[in-house]
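Let's take a walk through this model together. Keep the viewer open as you read.

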Amino acid sequence: MANKKDYFVDSVEESQKEKIQRESTFNGLSASEWAKGSRSVWNDLPFPRSENKVSGQDVIDEEVYARIISMYSKEDDTILDPFMGYGNSLVAAIHNNRHALGFETDPVKFVEANNHLVNSMNLLVNSDYRTYNGYFDEYADYIEPNSIQLAISSVMYNVEEKENANFSYEDFLYNYDQMLARAYDKIKVGGYVALIVRDFRDISNGRPYVECHSDVAKLGVKHGFLYQDVIIYDHNDSRGRLLLGYPSVFYVNLNHSYIVILRKQ
Ligand SMILES: C[S@@+](CC[C@H](N)C(=O)[O-])C[C@H]1O[C@@H](n2cnc3c(N)ncnc32)[C@H](O)[C@@H]1O
């Protein structure tokens, strides 16, 4: 049986080993942290919340961004969110000692994001952030080429928006197309893009399944990125199941998002 002293020696050796591992990985993770993040289905994280009832836009929890940031970047890297909304991705970046850069076209959300960021600063944060009120596509030229390690974004498309906000799926894809085109040269070689999206149904237009995650991945490939991975972010337990198509056609409830990972080679 190991005595207390042996246990102490073991744990010192273990933490020394982890320190050496952290110094050798591009993201600063030890082997066990690397293994923990590498699950292909994430079902242990907070669920997206509906930002407001009119747009139906989902807000992704800071913890989800923090995991992505810890896997695809290291301390002092710069994280870009071209469509930052309320800024949870930037907050996750600064809390993990990354620099953050965010764009938001809506002036109300822009003010809220900045308040959120100011309130999230604390003595342990030793990184900085910059935010711009405007369209990413118009401001992108001000970003230094090859300066971004990870671009992260979560603009969810929701069919109901079409009626409410005159925002078609084609507009949504066009927005991503422009963003990926403008972001490419700003991202470092070896850097990443993580796009959090949801597939959806557009049954009234005869499209029972619209695979948004494939569509955005193809846009990434079109602009020169490598399609590297897709992670399933499960939120099945966040709401009750609807009897879609009952009793004549069986449809599953699409209660998950995809995190599409692109890489600049
Ligand atoms: C779903 S919200 C982002 C939510 C945010 N990622 C979060 O989880 O808190 C998407 C935001 O992108 C903004 N947006 C859409 N297109 C944009 C563009 N081309 N440039 C800048 N902001 C844009 C919208 O106003 C909206 O607030």
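The paragraphs below go from a helix to the ligand shell and then to some backbone details.

Bear in mind that what you see is a predicted model. A good place to begin is helix H3, which spans residues 62-72 and is mostly covered, with nine of its 11 residues buried. Those buried residues are Glu62, Val64, Tyr65, Arg67, Ile68, Ile69, Ser70, Met71 and Tyr72.

Now turn to the ligand, which is surrounded by 23 residues. The closest of them are Ile60, Phe83, Gly85, Asn88 and Phe136. Three elements each give two or more residues to this shell: helix H4 (88-95), strand S5 (99-104) and helix H6 (136-139). If you sort the shell by chemistry, you find 11 nonpolar residues, seven polar ones and five charged ones.

The loops have some backbone details for you to check. Between H3 and strand S4 (78-81) sits Asp76, a non-glycine residue whose phi is positive, near 75 degrees. Asp76 counts as exposed because it has 12 C-beta neighbours inside 10 Å, and a residue is exposed at 12 or fewer.

Asn146 lies in the loop that runs between H6 and strand S7 (148-153). Its phi is positive too, near 55 degrees, and Asn146 is likewise not a glycine. With 13 C-beta neighbours inside 10 Å, Asn146 counts as partly exposed.

Finally, look in the loop between strand S11 (226-234) and strand S12 (256-263), where you will find Pro247. The peptide bond joining Tyr246 and Pro247 is cis, with omega at about 5 degrees.

Definitions and conventions: Residues are numbered from 1 along each chain as its sequence is written. This is a predicted model: local features need pLDDT of at least 70, side-chain atom pairs count only at pLDDT 80 or more; totals for chains, interfaces and linings use all residues. A residue is buried if 20 or more other C-beta atoms lie within 10 Å of its own, exposed if 12 or fewer, and partly exposed in between; C-beta atoms are placed from the backbone. Helices (H or I, at least four residues) and strands (E, at least two) are DSSP runs, numbered from the N terminus. A residue is near a molecule or strand if its C-beta atom, placed from the backbone, lies within 6 Å of it. Ala, Val, Leu, Ile, Met, Phe, Trp, Tyr, Cys and Pro count as nonpolar, Asp, Glu, Lys and Arg as charged, and the others, Gly among them, as polar.
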